[in-house]
Amino acid sequence: MSGAKTKVVCVTGASGFIASYLIKLLLQRGYTVKASVRHPNDLKKTEHLLLLDGAKERLQLFKADLLEEGSFDSVVEGCEGVFHTASPAFHTTTDPQAELIDPALKGTLNVLRSCVKVPSLKRVVFTSSMSAVSFNGKPLTPDVVIDETWFSDPAFCEKSKLWYMLSKTLAEEAAWKFAEENGIDLVSINPGFVMGPMLPPTLNVTMEFVHNLLNGAQTFPNAVHRFVHLKDVALAHIQAFEVANASGRYCVVGHVVHVYEVLNILKQLYPTLSIPKRCEDDKPLAPTYQISNEKVRKLGIEFTSLEVILRDTIETLKEKGFLNV
């Protein structure tokens, strides 16, 4: 699937954090991109896309809604590849079914039903999450290695009120079932905690986490996160489409580290940052564990160092006016 000069692809949820950077790289590679957004005329949501190199010539915006049956038909028509990134991403909700689960699950099936109608379609690359991989109740200790065979347990997520994790798990399960039943060549990208140079003007959930931690927080969470650079995630999507033998799921995580270690690196990189010194509880620091990235490396992905991830994150927060350092 190489030789992308004249290829037409679709990206859903185009104004999002990952999707925006994915579109940037696709345009750089000469693709024509049909991009879906809910409000194509809202410049606050789309201007950063329209300003990308190549956008004037090869980016087309379409109005589509995850919960509107058939609204993706015109977006995916004539495409060889569909990158389905659209899904709500937040962790605080008053109505998880309406706000998270329905858009993720029904939206995925809505997009895939449109894909079935497209004879030119070769592959769908689905943006899932490590949230659909590792939340199954198993203890995570340094000797544990998570890989693509792991699936989050919907019952565990529901019992634990992990609504975002549940939404991503149900959506990915449904995507695999539908793809198998309808002969769709599906590849799933399961990124961890994505950070880096953001293109949209607003903070997504991961960048907001960093922003809040560095803007007056008194304590840091006793938590281990799975960090990966935004560019690595976007490239993994493209490679999952272009590499002919790409298949199944791909865990896309560069570094598994405790928040405490992240803050120590930030302290060295930016001595003037306001960094919380106390943990939120008196328990021992949560143990790290391992995530196999052997499979995704076969797609040609080399992971960006944690220091560069953090530097790019701080610089973009400064540039967008969210941090004064």
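This is a short tour of a few helices, a small sheet and one residue, with something to select at each stop. Keep in mind that the model is predicted.

**Stop 1: the sheet**

Start by selecting β8 (193–195), β10 (224–229) and β12 (255–258). These three strands make an open sheet, in the order β8-β10-β12, with mixed pairing. Look at the edges: β8 and β12 stand there with a single partner strand each, so one side of each has no neighbour in the sheet. From one strand to the next, the twist averages 40°.

What holds strands like these together? Strands of a sheet pair through backbone hydrogen bonds, and they can do it parallel or antiparallel. Here, β10 and β12 go for the antiparallel sense, over four bridges. To see a bridge for yourself, click on Arg 226 and then on Val 256, its bridge partner in β12.

Now add α8 to your selection. This helix packs on the sheet, where it touches β8 and β10. Compare directions while you're there: α8 makes about 75° with β8.

**Stop 2: helix α12**

Next, select residues 306–319, which are helix α12. Try a quick check with the distance tool: at 1.5 Å a residue, 14 residues should span 20 Å, and the end C-alpha atoms are indeed 20 Å apart, so the two agree.

Which residues of α12 are buried? Colour Leu 306, Ile 309, Leu 310, Thr 313, Ile 314, Thr 316 and Leu 317. Look down the axis and you'll find that they cover an arc of only 165°, which puts them on the same side of α12. What covers them includes some familiar strands, β8, β10 and β12, along with the helices α8 and α10 (259–269). Just beyond, α12 is followed by Gly 321, which has a positive phi, near 85°.

**Stop 3: helix α9**

Select residues 230–242 for helix α9. Its 13 residues should span 18 Å, and the end C-alpha atoms sit 19 Å apart, which agrees. This helix is mostly covered, with eleven of the 13 residues buried. Among them are Leu 230, Val 233 and His 237; hold on to those names.

**Stop 4: Ile 18**

Finally, jump to Ile 18, in helix α1 (residues 17–28). Is Ile 18 buried or exposed? Its relative accessibility is 17%, so it counts as buried. Leaving aside neighbours within four places in sequence, Ile 18 is in contact with Leu 230, Val 233 and His 237, as well as Thr 127, Pro 191 and Val 194. For a last distance, pick Pro 284: it lies 266 residues from Ile 18 in sequence and 34 Å away in space, C-alpha to C-alpha.

Note on methods. Residues are numbered from 1 along each chain as its sequence is written. This is a predicted model: local features need pLDDT of at least 70, side-chain atom pairs count only at pLDDT 80 or more; totals for chains, interfaces and linings use all residues. Side-chain values use heavy atoms; hydrogens and water are left out. Helices (H or I, at least four residues) and strands (E, at least two) are DSSP runs, numbered from the N terminus. The expected span of a helix is 1.5 Å times one less than its number of residues. Buried means under 20% relative accessible area, exposed over 50%, partly exposed in between (1.4 Å probe, protein chains only). The arc is that of the directions from the helix axis to the C-beta atoms. Contact means heavy atoms within 4.5 Å. Two strands pair if DSSP finds at least two bridges between them. Axes are lines fitted to C-alpha atoms, for helices over the stretch in contact, and angles run from 0 to 180 degrees between N-to-C directions.
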